[in-house]
Amino acid sequence: MELVTPSIGLVVWSTLSFLILMFLLTKFAWKPITAALKEREESIEGALKQAEAAREQMQLLKNDNERLLNEARAERDRLLKEASEMKDQILAKAKNDAKSEGDKMIAAAKDAIEREKLNAMNELKSQVAILSIDMAEKVLRKQLADRGQQEAFVNENLKSISLN
Amino acid sequence: MNPLTTRFSAKKTLFSAVFFVTFLLLNNVANAQHEHDHATEPVAAMVEQSDSSIKTEAVAHDAHATGVEEKFNTSEVIMEHIADAHDWHLWGHTSIHLPVILYTNKGFEFFSSGKFDHGHATHQGSHYNYRIVKNPGEQKENIKVVDAAGNIDETATASVIDFSITKNIASLLLSVILLLVIFIGIANGYKKRGIGAPKGLGSWLEPIILFVRDDIARPNLGENYARFMPYLLTVFFFIWMNNVLGLVPFFPGGANVTGNIAVTMVLAVATFIITNLNGTKTYWSHVFTPHVPKWLYPLLIPVEIIGLFTKPFALMIRLFANITAGHILVLSLICLIFIFKSIAVAGVSVPFVVFISVIEMLVAFIQAFIFTILSAVYISMALEKPHHEGEHH
């Protein structure tokens, strides 16, 4: 069967061409191609890893931001609270001050009024006394105008006075 | 030298090589539309008969109409198409005359196969006279030494070794050039685009390169895969390209390269050499000190040694048989038309041929895949690392 008998010429030529083909393809095709494929795979892998790292970084930043924001909010709340407290304090203090000042003024006014009243009373009293004495003097003068009456009066008074 | 210049010159060299080969082949085309003498001699008649068996319905029809009734020998026609030839038949009486290179005990001989005039003429070489002869029962044409009277000189013939660029070799060289152009082109694409997505042919072949790497080399060879990638890729695409070219029924294709035992033998021997050159101590210990009782050694060691050879032998036969069977199947279906001498049969056999050809497209890929994956498996067996005692079987 010559179909299954390899011919020498074909063996030699196919060996030669296969070896040359393999040499040339290895040098000019397979090496650059496999290197490029490997490089691409590595670059994709690197990009994926970078993306993952960036994502983590983002998460960290986000957490950081969240934390900072929360801190800022707390700070703001604290400040607002403090301010409001301070306002209340100031108001209260102002109220108290005003009240005490008013009270003082009222007291001083009351004193002054009392003093004036006393003075007026005293003056009134002295006026009334003067008037009364004048009146009494006038009455006495009128009653004791004649001699007989003066004697009667003195006698009467004398009677009431017991000389002990 | 800067890389751009190198790339450019490599491409230029490649293209000039392609043009050179094409020129060489076409220059040899003899438009041999001359009249053939039908009744010269038996050899000529035989050649003439096979010449007239061109697989076109028109020719069959003509032959039928003109009443040229020759006995149609199916197996001869099929075998002739499967076998190698010194001419590359194009159409009708037109063939490319391929160069004949002979090594004789008196030195080399170079001449065009056109000198044989399809077996009608004897060529007077510088050392001997040659003639193409087909022995009865054989399909392959052989170059024989003849004496002045035209009688075959078998002793002188035995000293002549035929290194001719036959149809198979020409087809093989064509596939080599195609592979070089395609893959060097793709490689240059990578150089140009860097790690960007491939374009054109590269986008189509890159997945296949990755398939060879990720589904053939890596699973079998593990971390050693990179070392064997060039061989596996070359063998895969070489077989595939030649399988596919063999399915093309007209000129650039049509040769039966991977269906030729010599070619599959070369490939199998390559796998055999790579396998055994990389054999580890463990691999060889499995051959020469198998884990069986000592008294079984005389039986098992020869079996193991035979086993070394049966693996590449199976590779050789599998590829050869599959591709040849495909060609025979297609040719048989075509021959039905000529056997029944009716063009109506074409209505049945042509769809069948199309169907089988589509299947053969698949087989072309599968056989390349099987050869490559089995090569990878055999190499991985040779790379076997020592494993722990008790794991042996």
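Start in chain B of this predicted model, at a single pair of residues: B:Thr104 has B:Gly107, in β5(B), as its bridge partner. That pairing belongs to a hairpin, since β4(B) and β5(B) are joined with two residues between them. Strand β4 covers residues 99-104 of chain B, and it runs antiparallel to β5(B), with six bridges between the two.

Now look at what else β4(B) pairs with. It is also antiparallel to β9(B), this time through two bridges. One residue to find here is B:Leu102, which stands opposite B:Asp162 of β9(B).

Put the pieces together and you get an open sheet of three strands in chain B, ordered β5-β4-β9, with antiparallel pairing. Which strands of chain B stand at the edges? They are β5 (107-112) and β9 (161-162); each has a single partner strand, so one side of each has no neighbour in the sheet. As a rule, side chains in a regular strand alternate between the two faces of the sheet.

Further along chain B, have a look at the loop between α11 (297-340) and α12 (346-382), where you'll find B:Lys341. Its phi is near 50°, a positive value in a residue other than glycine. Is B:Lys341 buried, exposed or partly exposed? There are 13 other C-beta atoms within 10 Å of B:Lys341, and the exposed class stops at 12 or fewer while the buried class starts at 20 or more, so this lysine counts as partly exposed.

Chain A is the next stop. How many helices and strands does chain A have? Two helices and zero strands is the whole tally. The C-alpha trace of chain A spans about 205 × 30 × 25 Å along its principal axes. The radius of gyration tells a matching story: chain A comes in at 66 Å, whereas a compact globule of 164 residues would be near 15 Å. As for burial, 8% of the 164 residues of chain A count as buried.

Finally, bring the two chains together. On the chain A side, 30 residues are in contact with 38 residues of chain B. What is the make-up of the side of chain A that touches chain B? Its residues divide into 19 nonpolar, eight polar and three charged.

How values were computed. Residues numbered from 1 in each chain as written. Chains lettered and ligands numbered in written order. Predicted model: local features only at pLDDT ≥ 70, side-chain atom pairs only at ≥ 80, totals over all residues. Pairing = 2+ DSSP bridges. Helix = DSSP H or I, 4+ residues; strand = E, 2+ residues; numbered from the N terminus. Rg over C-alpha atoms; globule rule 2.2 N^0.38 Å. Contact = placed C-beta atoms within 7 Å. Nonpolar A, V, L, I, M, F, W, Y, C, P; charged D, E, K, R; others polar.
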